Amino acid sequence: MKNKVALSVIAVLSSISFYSNADALPQELTWLSNNAEPLFASEDAKRGGTLRTFIQSFPQTLRSVGPDANSGLRHYFMDGAPKLVQRHPNTGKWIPQLATDWAFDTDNRTVYFKLDPNAKWSDGEQITADDYLFMLKYYRSKDIVDPWYNEFFSNSIVNVSKIDDLTISVETEVEQSSDALMVLINMPSNGFQPRPEHFFENGKDENGDGMVDSFVRQYNFKSEPTAGPYYLDKVKKGKSVTFKHVGDDWWGYSNRYYQNRYNVDKIRITVIRDFDIALKHFEKGKLDFFDLVLPEYWHGKSDSEGVENGYIHKFWGFNQTPQGAGGLWMNTSQPLLNDINVRKGIMHATDYDGMIANIMRGDYSRKPHGLGFGHGEYDKADNKAPDFNPKVAVQHFIKAGFDKVGSDGIRINSKGEKLTFAITYGYTTWTPRIAYLKEQAKLAGVEFSLNLVDGSSAFKYILEKKHELAFLNMGSGEIPSYWEYLHSDNANKPQTNAHTNYSSPELDALIEKYDAEFDQQTRYDLSHQIQDYVTDANIIVPGYMVPYSRAVHWRWVQYSDNAMTKQTQAFFHPMDIGNFWIDKSVKTDTQKAMKKDKKYQPVTVIDDQYKL
């Protein structure tokens with residue numbers, strides 16, 4: 001997925017510019033800092049306590065890059081660690097993290113950053129420009145055995161220069177708008193964060209140009225210092241890991257946006273390989289919270305005795321995180337699907353809303369558009385998914401020549417061709433969902449057959465363009481990517497994300513203008529035009545999304561009213577927004593109450609301030 005994100009944003013470099021040790025600061029720069037956005041953490045928060053949670057398998061490495069690094073702990077080491085700046089989780093404006101100020105060069109490729117003089121590694125060493133210069137060496141080294149980072153930090157990030165100890169410039173390969181530059185540099189998963197050079201002294205090669213060839217093995221289970229609030233304190237291989245808070249003097253608390261967040265002192269993560277066994281551990285009080293996102297778990301397993309007695313609370317908070325393109329992709333290179341009237345018919349014959357209400361218990365939400373949601377002004381405000389309407393669907397099918405109905409209720413044309421399409425999908429748990437679509441589609445005289453191709457093989461099958469209809473949702477960054485899905489360069493080619501094989505010179509032109517545009521409002525307008533074009537083309541039936549965080553937790557895990565933000569993905573994950581805390585006095589009172597069989601009122605909190 002990382003390659004797809006990179007290639008949709010950048011072009012391939014023809015030459016590589018290596019890092020420099022010093023550079024000059026342009027005379028005329030407009031520095032930005034943005035310290036006036038609203039706060040989103042509670043002043044009632046209390047520091048202390050140990051948060052107990054679990055993972056289903058022990059990580060194969062403590063590295064955050066290289067082989068096997070994409071593990072369950074990656075969010076602690078990389079994705080959740082501070083970047084130079086971040087989006088405010090409600091307003092979407094850029095706010096400081098490791099950088100206090102930033103400025104844009106007139107070349108539309110270079111951004112300057114002033115580093116926070118308070119920023120320190122968890123071992124007490126100051127974070128300086130040299131750590132960013134070393135970062136570039138580190139990621140470009142073949143010895144980290146991670147081609148994606150080699151590629152990204154050579155072909156996307158072409159230079160990092162040191163102006164002084166606390167000022168750097170970052171140069172990208174492709175000219176982009178200011179907002180796109182900031183997204184490229186500060187994406188949570190792209191790894192653009194300093195690396196502690198002092199920690200890797202024994203891992204550098206003799207010339208100092210990269211890492212030693214034994215790097216992967218040498219640092220497999222070494223925990224490097226972090227800029228974040230928690231460092232890895234203890235490791236019991238195969239059993240557990242424990243993270244510990246840097247302390248009240250963590251440098252981040254000098255930043256107003258970090259205050260009253262990341263409140264627990266320790267995070268103990270235990271390996272429990274079975275989900276249902278882990279739930280029993282939680283119900284016995286051995287874990288502090290338990291995520292219950294899936295409807296079958298929330299509605300079937302959340303009402304335990306502990307919930308009825310008020311010892312365990314239920315939490316459901318809605319968000320507006322970016323949702324990728326997806327739903328039901330129509331492969332327009334397949335017979336019949338190249339007819340727009342057939343596609344329009346399928347749009348109105350596919351009952352996603354009914355599936356959400358009846359199969360998903362009404363928990364999921366409908367995407368307003370097949371190209372996703374949650375991208376701010378890039379999304380057209382009046383986007384609306386088509387209604388399920390068999391009568392309208394039939395009208396379109398008749399226009400396509402399917403004006404007769406067979407004995408089985410499925411429509412046929414004058415050639416005797418049946419209106420039947422296979423839906424390709426990858427997980428048995430999705431079968432009831434697609435079976436519902438199949439039954440409802442019969443009302444419009446169209447037959448959906450179920451083509452289950454197990455797991456990752458399904459995505460390969462779709463990439464090879466063998467599908468007719470694909471039941472698939474893609475991931476998304478902050479800015480919607482259109483080229484990989486819709487540009488003619490990718491149509492009818494295997495191993496591309498052009499799942500519809502749709503091709504249009506007019507759409508190509510819009511996408512090319514969108515990718516090249518610097519003016520932000522014009523870029524928003526082009527995005528809206530692309531979305532309108534795809535709506536009119538009827539090539540993706542908008543699917544569902546899961547716009548919430550949901551869990552059960554013991555009552556000593558507390559938070560303020562309206563604690564969710566638009567961008568909170570997993571409320572109780574300690575490296576997400578970190579808006580909760582443990583009240584040790586409430587924990588003591590609860591444990592005493594349980595021994596005396598004292599009960600509390602059941603509590604279910606629904607934070608729906610950001611519900612669609």
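1. Helices and strands here are DSSP runs, a helix having at least four residues and a strand at least two, numbered from the N terminus. On that basis the chain has 18 helices and 25 strands. Keep in mind that this is a predicted model.

2. Overall form. The C-alpha atoms fit a box of roughly 80 × 70 × 45 Å along the principal axes. The radius of gyration is 26 Å. A compact globule of 612 residues would come near 25 Å, so the chain agrees with that expectation.

3. Inside and outside. Of the 612 residues, 56% are buried. The accessible surface comes to about 25,900 Å². Carbon and sulfur atoms hold 47% of that surface.

4. Contacts along the chain. Take the contacts with a separation of 6 or more. Residues 24 or more positions apart account for 74% of them.

5. Charges. The chain carries 69 positive and 79 negative charges. Their mean positions lie 8 Å apart. How many salt bridges does a search of the whole structure find? The search finds 22. Three of the pairs are taken up in the points below.

6. Asp265 and Arg47. These two residues form a salt bridge, with the closest N and O atoms 2.7 Å apart. The pair links distant parts of the chain, 218 residues apart. Asp265 sits in the loop between β9 (240–245) and β10 (266–271). Arg47 sits in the loop between α1 (2–9) and β1 (50–55). Asp265 is partly exposed, at a relative accessible area of 29%. Arg47 also counts as partly exposed, at 29% relative accessibility. The pair does not stand alone: Arg47, Asp248 and Asp265 are linked in a network of salt bridges.

7. Arg87 and Asp179. Here the closest N and O atoms of the salt bridge are 3.0 Å apart. Arg87 belongs to strand β2 (residues 85–87) and Asp179 to helix α5 (residues 178–186). The bridge therefore ties together a strand and a helix whose paired residues are 92 residues apart in sequence. Which of the two is buried, and which partly exposed? Arg87 is partly exposed, with a relative accessible area of 21%. Asp179 is buried, at 12%. The cut-off for buried is under 20% relative accessible area, so Arg87 and Asp179 fall on opposite sides of it.

8. Asp363 and Arg550. Their side chains meet in a salt bridge at 2.8 Å, N to O. The pair links distant parts of the chain, 187 residues apart. Asp363 is in the loop between α11 (352–358) and β14 (365–366). Arg550 is in strand β22 (residues 548–554). Asp363 is buried, with 4% relative accessibility. Arg550 is buried too, with 0%.

9. Arg361. This residue is not a glycine, yet its phi is positive, at about 60 degrees. Arg361 is found in the loop between α11 and β14. Asp363 of the previous point is in the loop between α11 and β14 as well. Arg361 counts as partly exposed, at 48% relative accessibility.

10. Lys465. Phi of Lys465 is near 65 degrees, again a positive value in a residue other than glycine. Where is Lys465 placed? Lys465 is in the loop between α14 (456–463) and β19 (469–473). At 10% relative accessibility, Lys465 counts as buried.

11. Gly203. This glycine is found in the loop between α5 and α6 (215–218). Is Gly203 buried or exposed? Gly203 counts as buried, at 0% relative accessibility. Neighbours within four places in sequence aside, Gly203 is in contact with Gly210, Met211, Val212, Gln218 and Tyr219. Gly203 and Ala36 are 167 residues apart in sequence, and their C-alpha atoms are 42 Å apart in space.

12. Thr568. The loop between β23 (557–558) and β24 (581–582) holds Thr568. Thr568 counts as buried, at 2% relative accessibility. Which residues does Thr568 contact, leaving aside its neighbours within four places in sequence? They are Asn319, Thr321, Asp576 and Ile577. Thr568 and Asn90 are 478 residues apart along the chain, while their C-alpha atoms are separated by 9.4 Å.

Conventions:
Residues numbered from 1 in each chain as written. Heavy atoms only, no water. Rg over C-alpha atoms; globule rule 2.2 N^0.38 Å. Buried < 20%, exposed > 50% of the residue type's maximum accessible area, 1.4 Å probe, protein only. Contact = heavy atoms within 4.5 Å. Areas by Shrake-Rupley, 256 points an atom, 1.4 Å probe, with all protein chains shown as cover. Lys, Arg positive; Asp, Glu negative; His and termini not counted. Charge placed at Lys NZ, Arg CZ, Asp CG, Glu CD. Salt bridge = Lys/Arg side-chain N within 4 Å of Asp/Glu carboxyl O.
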